[in-house]
Amino acid sequence: MKITGLLLLFYLTSKTTALAVILNVGLQLEPPNLDPTSGAAAAIDEVVYGNIFEGLVRINKDGDVLPGLALFWEISTDGRSYVFHLAEGVKFHDGSNFDAEDVKFSFNRARAENSTNAKKYIFAPIVLIDILDPLTIMITLDHARPDFLFNIGLGDAVIVAPESASDNAFNPVGTGPFRFKKWVRGDRVELVKNDDYWGLEPRLEGAVFKFIPDPLSAYTAMMAGDIDTFPNYPAPENLFLFDRDARFDVVVGLTAGETILAINNKKTPFDNILVRKAIAHAINRKEIINGAMFGNAEPIGTHFAPSHPDYVDLTGLYPFDLGKARALMKEAGYENGFEATLKLPPPTYARRTGELISVELGRIGIKLKIENMEWAQWIDQVLRNRNFDLTVVSHVEPMDINIYANPNYYFGYDNADFQEIIAKIDESTDAAETSRLYKEAERKIAEDAVNGYLYQLGKFGVWKKEVKGMWTNYPIRSNDLRDVYIEGAN
Amino acid sequence: MAHYILKRLLSLVITLLVATIIIFLIIEVVPGDPAAYMMGLSGSSEAADALRIELGLDKGALERYFSWVGGMLSGDFGISYTYRVPVSQLIGERTLVSVPLTVYALILSTLIAVPVGVISASRRGSIVDTSLMGMAQVGVAIPNFWFAILMVLVFSTSLGWFSAVGFPGWDAGFWPCIKALTIPAVSLALPQAAILARVMRSSVLEVMQEDYIRTARAKGLSRRQALIRHGLRNAMIPVLTILGLQFSFLLAGGIIIESIFSLPGLGRLVFQSIAQRDLIVVKSIVTLLVLAVVLITFLVDLIYVLVDPRLREEGRG
């Protein structure tokens with residue numbers, strides 16, 4: 001009797017199905033803190049980028065660089081100095097005014113000696129920061145850097161205020177269209193509309209980012225209507241269930257994440273290009289994409305995002321061909337194959353892909369022993385100490401082909417020709433030349449079969465049909481909600 | 001009595017001290033560096049070094065052990081590496097979910113188990129007994145995460161009575177929180193209730209064979225009166241032991257249920273902290289859980305004394 005009464009009470013208090021103008025956003029990973037200028041977790045940007053914090057420039061859903069806190073800018077002909085003209089009347093969420101001093105503070109903080117900015121290198125080329133007047137600032141670089149504008153559009157380069165910077169980890173204060181309301185750790189972060197926003201007024205009254213690590217719970221939460229939108233749904237195997245359901249839209253897009261079979265180029269026998277080529281021929285991308293991603297991913301042949309205009313399709317360079325692969329193994333002196341280990345980090349895509357890779361390489365005699373590990377272990381063993389043979393991982397940073405120019409990076413590719421290409425890109429001020437160089441770089445690493453290039457990690461958007469304006473792709477990790485609205489709600 | 005309690009207290013303190021040493025040593029040898037983890041795939045080693053100094057990870061092991069234990073004694077658990085807020089605050093928030101959930105589940109399981117056990121025992125061999133114990137057998141066998149998912153599919157996805165995930169926080173009011181904890185608590189409670197009911201039944205059956213019950217019956221009490229007036233109190237002792245064990249188990253072991261319902265409880269915090277190498281949080285929570293288990297065992301020991309006067313006599317002697 002008592003239980004029935006209790007159930008009835010709950011039924012009466014259960015929420016109605018009508019959509020409010022508060023958007024419930026589901027995310028798999030909870031950010032460790034809310035300061036995008038400290039630490040590398042993509043989960044931080046997924047909540048705060050474009051919503052709470054803004055940079056001088058803003059990267060939009062297509063990966064384009066748009067005006068942000070700087071309304072326009074001039075670049076000197078030698079490409080070294082940038083004059084940014086800042087928006088007027090901008091206030092931080094705590095009411096303090098935004099001006100050139102804040103820009104100078106933010107950039108100096110990021111490049112300081114004790115800085116914990118994960119992308120400190122963005123600021124390394126800066127030699128001078130001059131405040132011309134409160135709303136004009138000139139930044140001078142050591143030499144021309146065509147990627148500088150894009151880089152200062154990243155979450156690591158957002159503008160913070162000196163008064164609040166030290167507390168941003170738990171009480172973020174930015175200039176964006178939404179302000180921080182509260183964080184129930186382990187459950188959700190709540191944002192409310194910033195009524196004093198300097199730009200276009202956002203259409204939502206607020207947003208709640210709910211953190212749901214378990215894929216099955218993500219499914220039930222969507223189905224129960226607790227969540228309005230899951231911008232990057234964690235389980236591709238369930239997508240068809242939402243596709244069938246008239247209440248939802250399923251939008252499969254791309255991330256900036258190149259999923260690769262990373263190879264330790266410094267270690268025998270992988271230092272032998274014949275072995276790496278054999279591996280490249282033994283990889284069947286179609287089988288992997290179908291098996292690991294349920295068909296929802298785009299094959300890649302090099303370390304570059306297919307959505308980028310400079311992308312070259314090199315998937316045909318070393319096509320799936322077991323005959324060729326075996327011949328190359330024989331030529332390399334490994335006719336009978338060899339044994340190696342495959343260290344896999346925790347994400348589902350890595351584990352599933354790794355299992356398929358071990359089958360595929362087994363066909364040419366490479367017997368893989370799979371070692372599953374946690375991220376912290378993986379970072380320690382693979383990334384820092386380069387104690388590995390093979391691994392599967394997605395490189396989610398945008399435009400990161402330059403990691404191949406670092407001979408100390410974990411896959412140990414040390415090639416002078418390639419390093420020269422990247423050095424030229426760093427200095428090129430001509431767009432056509434830059435594009436040509438990028439294509440050359442893409443081809444170079446593909447030809448050298450540095451790593452096995454598998455697929456671009458997909459972004460699986462699932463949201464209620466009424467939710468409009470969500471990003472299709474993740475050119476950078478962000479769920480910028482400024483243009484999002486709920487149809488019929490306002 | 002005082003001697004008994006003092007002895008218990010002393011063993012409690014020693015257990016805790018040994019536990020902190022073991023916990024610290026285990027965490028020292030765990031591979032993986034929190035600073036490197038936070039900097040991710042593209043972070044510079046320079047920034048990681050700066051972070052290591054900021055977190056105080058560059059100091060010697062002995063120094064860190066003493067500052068950790070010393071801090072805990074004065075109520076300062078340190079600052080979480082990843083969340084950058086005091087560990088005590090983190091644990092406090094999570095405890096406000098885990099403890100109510102555990103208590104809720106134990107109340108439900110006791111409310112179900114005690115009557116079921118008594119009824120089964122008093123009608124031993126009847127169809128009621130057989131079917132109740134059959135159900136208990138099923139309850140023991142069903143994994144609680146499977147049952148939880150089933151409950152979500154029925155009550156959240158299909159009927160829409162409850163949210164499938166999440167916890168509103170106590171500032172949202174008492175009832176919304178109780179509501180959010182109901183399905184998780186039921187999922188936790190049923191398997192425990194099944195175990196408890198079986199213990200209760202056998203305990204009652206055993207008690208009913210005792211001489212003092214026969215004496216009571218001989219004095220003219222009915223079976224039921226004898227059970228209620230003299231039997232139950234004695235039958236509760238093994239049940240209390242199990243309840244104490246279940247409390248500790250549920251408090252630390254709620255992680256699967258917490259994950260299914262995305263509840264911000266202690267279990268998930270430990271899990272998350274281990275993965276993120278937020279070692280200071282791991283150390284503190286594990287120590288607190290040890291404290292909780294030790295305290296509960298201590299409390300159960302005290303309750304034995306209250307329930308069973310014979311122990312009081314022994315204590316004096």
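Tutor: Before we start, two residues are in contact here if their C-beta atoms, placed from the backbone, lie within 7 Å, and please keep in mind that this is a predicted model.

Student: Okay, so what does B:Met39 touch, leaving out residues up to four places away in sequence?

Tutor: On its own chain B:Met39 touches B:Ala47, B:Ala48 and B:Leu51, and from chain A it touches A:Gly39, A:Ala40 and A:Ala118, with residues up to four places away in sequence left out of the list.

Student: And which residues touch the most other members of the largest nonpolar core?

Tutor: B:Met39 is one of them, together with A:Ala207, A:Met222 and A:Leu261, in a core of 220 residues.

Student: Which element gives the largest share of this core?

Tutor: That is α8(B), from which 16 residues of the core come.

Student: How does α8 of chain B sit against α5 of chain B?

Tutor: The axes of helix α5 (residues 87-122) and helix α8 (residues 174-208), both of chain B, come within 6 Å and cross at roughly 35°, and the crossing is right-handed. Sorted by class, the residues in the contact of α5(B) with α8(B) are 23 nonpolar, five polar and one charged.

Student: Switching to the two chains, how many residues does each one put into the contact?

Tutor: Chain A puts in 48 residues and chain B puts in 51 residues. On the side of chain A that touches chain B, the elements giving two or more residues are α1 (2-13), β10 (206-211), α5 (215-223) and α11 (375-384) of chain A, and α11(A) gives the most, with seven residues.

Student: What classes of residue are on that side of chain A?

Tutor: The side of chain A that touches chain B has 21 nonpolar, 14 polar and 13 charged residues.

Student: What about chain A as a whole, how many helices and strands does it have?

Tutor: Chain A has 13 helices and 19 strands, and its C-alpha atoms fill a box of roughly 75 × 70 × 35 Å along the principal axes. Its radius of gyration is 24 Å, which agrees with the value near 23 Å that a compact globule of 490 residues would have. Buried residues make up 48% of those 490 residues.

Student: Last one: is A:Asp417 buried or exposed?

Tutor: A:Asp417, which lies in helix α12 (residues 416-427) of chain A, is exposed, because just 10 other C-beta atoms lie within 10 Å and a residue counts as exposed at 12 or fewer.

Technical notes. Residues are numbered from 1 along each chain as its sequence is written. Chains are lettered from A and ligands numbered from 1 in the order in which they are written. This is a predicted model: local features need pLDDT of at least 70, side-chain atom pairs count only at pLDDT 80 or more; totals for chains, interfaces and linings use all residues. Axes are lines fitted to C-alpha atoms, for helices over the stretch in contact, and angles run from 0 to 180 degrees between N-to-C directions. Helices (H or I, at least four residues) and strands (E, at least two) are DSSP runs, numbered from the N terminus. A crossing is left-handed if the near helix is turned anticlockwise from the far one by less than a right angle, and right-handed if clockwise. Ala, Val, Leu, Ile, Met, Phe, Trp, Tyr, Cys and Pro count as nonpolar, Asp, Glu, Lys and Arg as charged, and the others, Gly among them, as polar. A nonpolar core is a set of buried Ala, Val, Leu, Ile, Met, Phe, Trp, Tyr and Cys residues joined through C-beta atoms within 7 Å. A residue is buried if 20 or more other C-beta atoms lie within 10 Å of its own, exposed if 12 or fewer, and partly exposed in between; C-beta atoms are placed from the backbone. The radius of gyration is taken over C-alpha atoms; the globule rule is 2.2 Å times the number of residues to the power 0.38.
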